Amino acid sequence: MYASIGGFRRPSTPRTSRLTVRLAVLASTVALSAAGLAVAATPSSAAVCNGYVGLTFDDGPTGSTSALLSVLRANGVRATMFNVGQNVQSNPSAARAQVDAGMWVANHSWNHAHMTSMSQSQMQSDLSQTNSAIQSATGVRPQLFRPPYGETNSTLQSVASSLGLRQVIWDVDSQDWNGASVSQIVSNASRLQAGQVILMHDGIQNTRDAIPQIMANLTSRNLCPGMISPSTGRAVAPDGTPPPTTPPPTGTPTTPPPSGGCTATATTPNVWGDRYNTSVTVQGAGNWTVVVALTPPQRVSTTWNGSPSWDSTGYVMTVRSNGSGNTFGFTTMMNGNSGARPQIRSCTTG
């Protein structure tokens, strides 16, 4: 977001050659994309969310993108990555690793120029070229745009809008580009309020080191990392809906069939940034069959204490008792839909 000064950026100096991404990051990001889902989120991400904030990282991908993604995953964080087009073109696997790690990718111009000095046609070409590079590398078409240096005008906003891009600046500046210490970055981030967005940067060690403390502070205030709405530019729940005014119910009991049978009750004892566990307790039968429905695009990744099978859609699971008792469970990957929970469709004996 800022021009080079002592290795970082300030708002007035043109972007330097440090935009060139070292190809050495290729091997590490490929490994991360393959192993990303195996990284467990920490309990800090399981807090009740009374509001959401947008954590954003500019200027990627860089040679440190792999390290940044590892820290974000380890802390159960999903963030928005405002990528520079030529960096993506130089290192598409790093951009793909961002998406594979559950991040949102967005447009931060082609080469971090001062876009307000461009003609309208130059703006159009710059943003279109960046969109194409990001979509080619990740399969995702950006919906958000952050102008370099935060410099914008009505022409640039109009061009961005014509390309389906919502302009997003920031509410809180972490000052990581300005050599801020870890404690200063954490202190700046502590000013975040629900719906607000913070500016941070890919490639800065102090920023990576600050993330666990930033998350601890957010969790203590019942704030969670969210996505940035393309409609409003504000932080919302990862599936695009605002936070609930009251926590959702934790159980979805079924009604026993008229002729008798069993009752199954589902609870979600563990919720992380990208997945959650469901525990189902069956009453009234020792030999049972329970049908559970998921909401797309959520998917079950692991089951225990039951014998599961699936219908042709992959979203309806039938679990039969296997002698392991009357409680079974499964882990569901949210895949961008954090609000939905499995529904018990039926519980029958036999």
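Which residues does T130 touch, not counting residues up to four places away in sequence? The answer comes below, after a quick word on the model as a whole.

## Meeting the model

Welcome to this structure, which is a predicted model. The protein has 350 residues, and 51% of them are buried. Along the chain you can find 8 helices and 20 strands.

Two overall values help to set the scene. The accessible surface of the protein is about 14,200 Å², and carbon and sulfur atoms account for 52% of that surface. Among contacts with a separation of 6 or more, 72% are between residues 24 or more positions apart.

## T130 and its helix

Back to the opening question: T130 touches N83, G85, N107, H108, S109 and W110, once residues up to four places away in sequence are set aside. To find T130 in the model, look in helix α5. Is T130 buried or exposed? With a relative accessible area of 0%, T130 is buried, because buried means under 20%.

Helix α5 covers residues 120–138 and packs against helix α6, residues 154–162. The angle between these two helices is about 40 degrees, and their axes are 10 Å apart. That angle makes α5 oblique to α6. The crossing of α5 past α6 is right-handed. If you want to see where the two helices meet, pick out Q120, M123, Q124 and L127 in α5, then T155, L156, V159, A160 and S162 in α6.

## The largest nonpolar core

Nonpolar side chains tend to be buried together in soluble globular proteins. In this model, the largest nonpolar core has 27 residues. The residues with the most contacts inside this core are L55, F57, L72, A79 and I214. Several elements each supply at least two of the core residues: strands β3 (51–60) and β9 (197–201), together with helices α2 (65–74), α7 (182–189) and α8 (205–220). Helix α8 gives the most to the core, with 5 residues. A second, separate core has 18 residues, and C262, V282, V292 and L294 are included in it.

L55 is a good residue to start from when you explore the largest core. You will find L55 in strand β3, where it is buried with a relative accessible area of 4%. Leaving out residues up to four places away in sequence, L55 touches V77, A79, T80, L192, I198, M200, L218 and P225. One of these partners, L192, is 137 residues from L55 in sequence, yet the two are 9.8 Å apart in space, C-alpha to C-alpha.

## A237 and its distant partners

A237 offers another view of residues that are far apart along the chain. The place to look for A237 is the loop between β12 (235–236) and β13 (263–271). A237 is buried, with a relative accessible area of 3%.

What does A237 touch, not counting residues up to four places away in sequence? The residues are Y52, M227 and S338. A237 can also be paired with N337: they are 100 residues apart in sequence, and their C-alpha atoms are 8.8 Å apart in space.

## Backbone details in the loops

Now for some details of the backbone. The peptide bond from G60 to P61 is cis, with omega near -10 degrees. P61 lies in the loop between β3 and α2. Another cis peptide bond joins P296 and P297, and here omega is about 5 degrees. P297 sits in the loop between β15 (288–293) and β16 (299–304).

Two residues are worth a look for their phi values. H112 is a residue other than glycine with a positive phi, near 60 degrees. H112 belongs to the loop between β5 (104–107) and α5, and it is buried at a relative accessible area of 1%. Y149, also a residue other than glycine, has a positive phi near 65 degrees. The loop between β6 (144–145) and α6 holds Y149, which counts as buried at 6% relative accessibility.

Note on methods. Residues numbered from 1 in each chain as written. Predicted model: local features only at pLDDT ≥ 70, side-chain atom pairs only at ≥ 80, totals over all residues. Heavy atoms only, no water. Core = buried A, V, L, I, M, F, W, Y, C linked by side-chain atoms within 4.5 Å. Buried < 20%, exposed > 50% of the residue type's maximum accessible area, 1.4 Å probe, protein only. Helix = DSSP H or I, 4+ residues; strand = E, 2+ residues; numbered from the N terminus. Contact = heavy atoms within 4.5 Å. Areas by Shrake-Rupley, 256 points an atom, 1.4 Å probe, with all protein chains shown as cover. Axes fitted to C-alpha atoms, helices over the stretch in contact; angles between N-to-C directions. Parallel < 35°, antiparallel > 145°, perpendicular 65-115°, else oblique. Left-handed = near helix turned anticlockwise from the far one by under 90°.
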